[in-house]
Amino acid sequence: MTPPRLADQFLKFFCAPDRLEEVQGDLHEEFAYQVRRVGERRARWRYWRDVLGFFRPFAIRRKPGDYSPNPLFSPSMIQNYVKIAWRNLVKNQTYALINVTGLGLGIGAALLIFALVRYHYAIDKHHQKYDRIYRVLTEFVTPEGVFDIAGVPYAMGKALQNDHPAIENLAMIDIYRDPLVAIPMPTGPDRKFKEAHQMGAFVQPAYFRIFDYHWVVGGPTELAQPNTVVISAENATKYFGTTQVIGKVIKLNAVMNTRIVGVFEDYRDNTDFAYPIMASWASLREFYGRPLTEGFDNINGDTQCFVSLNDGFSKADWDRQMMAFVKKYKPHGVKDTRFPMQPLRDIHFSTDTGGVSQGLIWSLFAIGVFLIITASINFVNLATAQALNRSREVGVRKVLGSTRGQLFWQFIGETALLTLAATALALLFFQIGQQLAQERLHGAFRFTFYYDVSVIGWLALIVVVVIGLSGLYPALVLAGFKPAMALAGRITTRQVGGFSVRRGLVITQFAISQMLIVGMIVVASQLQYIQTKDLGFRQEAILTVRLPSSPKQDISKMNTFRNLALAIPEVKKLSYSVSGPPQSGWISQTMIKFDTRPEPEKFTTQQQFIDADYLNVYGLKLVAGRNLQPADTAREVLVNEAFVKALGIRDPAKVLGKLMHNGRGLEIVGVLKDFNQNNLKSGIAPLYMTTRATSYFYANLQLHNGNFRRVIEQLEKDYNGLYPDSYFSAQFVDEQLQEFYVQEQTMASLVNFFAGIAVIIGGLGLYGLVLFMAAQKTKEIGVRKVLGASIRDILWLFGREFFRLIVVAFVIATPMAWWVMSHWLQDFVYRIELDWWIFALAMLLTALITLLTVSYESIKASFANPVKSLRSE
Amino acid sequence: MKRSYLGEFEEIVLLTVAVLEGAAYGVSITHEIIEQTGRSVRLNQIHSALERLEDKGMVKSEMGEPTAERGGRRKRFFTVTAYGRRTLEEIQEVRVTFWSRLLIRGMQSNELRVMS
């Protein structure tokens, strides 16, 4: 007859061990008695009830014993650890402050970097077909290298669909900036919305089968028809106050009425393709006022082609098929034109087509790692420096029975405590930094931070790594003290792993700082270089004004506009052309025959339509021949040096007077010195220029210095008077060029910012170290001064040490920095040289920062009165 | 001298321990109280009361010999301390005083006798 086993086990589980025997005994005895009295079944019930009756504090509470079962976690010891840790913090407030600030900055910045890196890698990942979406590019092979353009000819879509029926979905898209939306009003003038920072697009319905969109109302089905548009919920609400706007009409860029057929949910996920206003591809013709250009010679970076492919497709297949494709549609481009495909996951990172440099993102990541290392080194340095002060504590603890493990965990725990305090600070930094990023970077990226598990996971990882890096070494050193030596106070700096280890750490820090400084200098000067590199044409104070889109420009109106513009005193010269030298992504090519050669040339030539003033306005130079005669139709042509070279002719003068055939023969009258007709990202290609007034699309105005705003206002007034059905759009050439580098610029300033923080943290640690050295050497300095040392000698005592370390760090950092940075520069076709002065400057800056941090404390120490420092015993 | 006061239940447990004279342990006390007072008492209540009494210093305990009936487990035997005994006596004295006054007055008044 045994009582219920489960009840017994439960009792054993909760009952205090010293009480269990008697309680269980009583219960069992009672059970036996009850079995006799009321039978087994009821006795079992009663037993259960009795056991549960003992589930009370008096029976559960353990008696406080002399030895806790787990000494490490006994409450009184933990209390003691916390108390001692707190006392140490209060006693060494400066060090604690340096540590917490350094770690906080480091962790916060690292977390921010993580969020940024994550942002770049998560872009457009939300699309279901992410792995199967590609953009078809145009690639040009030039003597300078291979250049990619995001756009393709208009005809690409149809041709691909014919020749590649295996393509699952194919959609052409045409993008334009700063759309102007007008809402027709029953009475009064239209309500106008100038959507700066937004992009509009024309798309084929298949676009929505490639990319995921969610519809509030309507959908893309009707988007096959002309004069239809879909807009985002945000824009719909802005225009009409509601999203139920199906059938309403909006006027795009003041030229085309479109009917809304769908409203889609706002872009929430990070994407590179945010177009809040998307009209149908079939509307393009009306929008541009002319039929789409046929053939494969006109390429515009904003006319793009997206496809989603089946799993069976391979890149090799595609490239092979596209060779035949080029041969068929663009025979003169066989040598220099390709149409490769670019996977969606690469689009964000391809710098040629306006993406972010992956190298810069990885350097950001590396800086994040450096931040953590530098902050941890600070901690280790200060902790080992202070270890001496705690040797007695360790001795006493060991004598009283502390084990090595216990001491080890005590110090790790202290590190953890500080790190957690730093983490709180870090979260504050993160919050601030994140807000700044949202505001500052919005122009460059559409930017959304997520608070999701990965950020928290990353934070946890950082915290653990920091605790490990900064706590491990000091804890091992402290826990390893021999108690006899420690109590006798005979532990010296040598035994705290002392100087050699600390020196090693400081050298690491210096090396990191120098590498970062080298990196900052190189990135800054490279960007400076590509932005200010002489492109071969004038960029300052040139304003371009767009003319209305129409198949044929009205020449008399253009003359009127020229006269009106030149009447403004600030306008120096005016020239009409199809585009400015930066081309705004528009490349027009053609096939030509030269002189009496029977075969067409095997290279593509870019064509530009300019008037005779163009050379003057942009400051282009002739190497041979003369400028064009003023004319409205094509008679004479100018070519560039690259053109002459492509013909295989050495002497530019030899092409003068020869004919260039493009349909009909035109006489070459001059050879232009090469200039970057597109931008630095796309090199210099063969080019010819001729007059053709009906094709002009831009007015290029060279301005005197003055009130540019007034000039633009006056021009707008003139323009609107002349072209009432169009709208005015003007941009400065240098600003236009800047836009090519927005992303690089942003990334570079981020790199600088975080590298700067890393250097600051390093300086902070240095300061702490000097503080400690000064405290340690108080007596030494006193004795030296008494014996006649000058202040300069004392200063040198501090300086010597650090400058030796800087030199060693320089020797380590220079080759590493050189290697990394030369790799980074490989990405650029036009790049700076890694001169010796960059490294020298980095070392000089490190020395300067060191001097600044070290000098104050060391000067204070050297001026101290020896009487005071020697008297206190 | 200020004394700890005893609850009614504690007093009964203490009295039982005293009555059992060295044979007092959890089960025996429980059964004794049930027999003498007819209250339904449970083991855990007794243990809890004994714990409090021991805290107050009115009983002391020691472990007995292993017994076969309890699977070799020992009993904890309780005995009343001198302090516990004096407390019992004092309680008794106070009661006697009150009762004696009650009885004297009762003899003087018929009404009271009827009521009591």
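This is a short tour of a predicted model, with stops in chain B, at the contact between chains A and B, and at a sheet in chain A.

**Stop 1: chain B**

Start by selecting chain B and colouring it by secondary structure. You should find five helices and two strands. Walk along the chain from the N terminus, and the elements come in the order α-α-α-β-β-α-α. Of the 116 residues here, 28% are buried.

**Stop 2: where the chains meet**

Now show both chains together. How many residues of chain A are in contact with chain B? There are 16, and they touch 15 residues of chain B. On the chain A side, select α2 (17–38) and α3 (40–53), the elements that each give two or more residues to this contact. α2(A) gives the most, with 11 residues. Try colouring the chain A side by residue type: seven residues are charged, five are nonpolar and four are polar.

**Stop 3: a sheet in chain A**

Next, stay with chain A and find an open sheet of four strands, in the order β18-β27-β17-β28, with antiparallel pairing. Select 571–577 for β18(A) and 730–732 for β28(A): these are the edge strands, and each pairs on one side only. From one strand to the next, the twist averages 25 degrees.

Zoom in on β18(A) and on β27(A), residues 698–703; six bridges join these antiparallel strands. Which residue of β27(A) is the bridge partner of Y576(A)? Click on A699(A) to see the partner.

Finally, add residues 555–566 of chain A, helix α19, which packs on the sheet and touches β18 and β27. The direction of α19(A) makes about 160 degrees with that of β18(A).

Terms used. Residues are numbered from 1 along each chain as its sequence is written. Chains are lettered from A and ligands numbered from 1 in the order in which they are written. This is a predicted model: local features need pLDDT of at least 70, side-chain atom pairs count only at pLDDT 80 or more; totals for chains, interfaces and linings use all residues. Two residues are in contact if their C-beta atoms, placed from the backbone, lie within 7 Å. Ala, Val, Leu, Ile, Met, Phe, Trp, Tyr, Cys and Pro count as nonpolar, Asp, Glu, Lys and Arg as charged, and the others, Gly among them, as polar. A residue is buried if 20 or more other C-beta atoms lie within 10 Å of its own, exposed if 12 or fewer, and partly exposed in between; C-beta atoms are placed from the backbone. Two strands pair if DSSP finds at least two bridges between them. Axes are lines fitted to C-alpha atoms, for helices over the stretch in contact, and angles run from 0 to 180 degrees between N-to-C directions.
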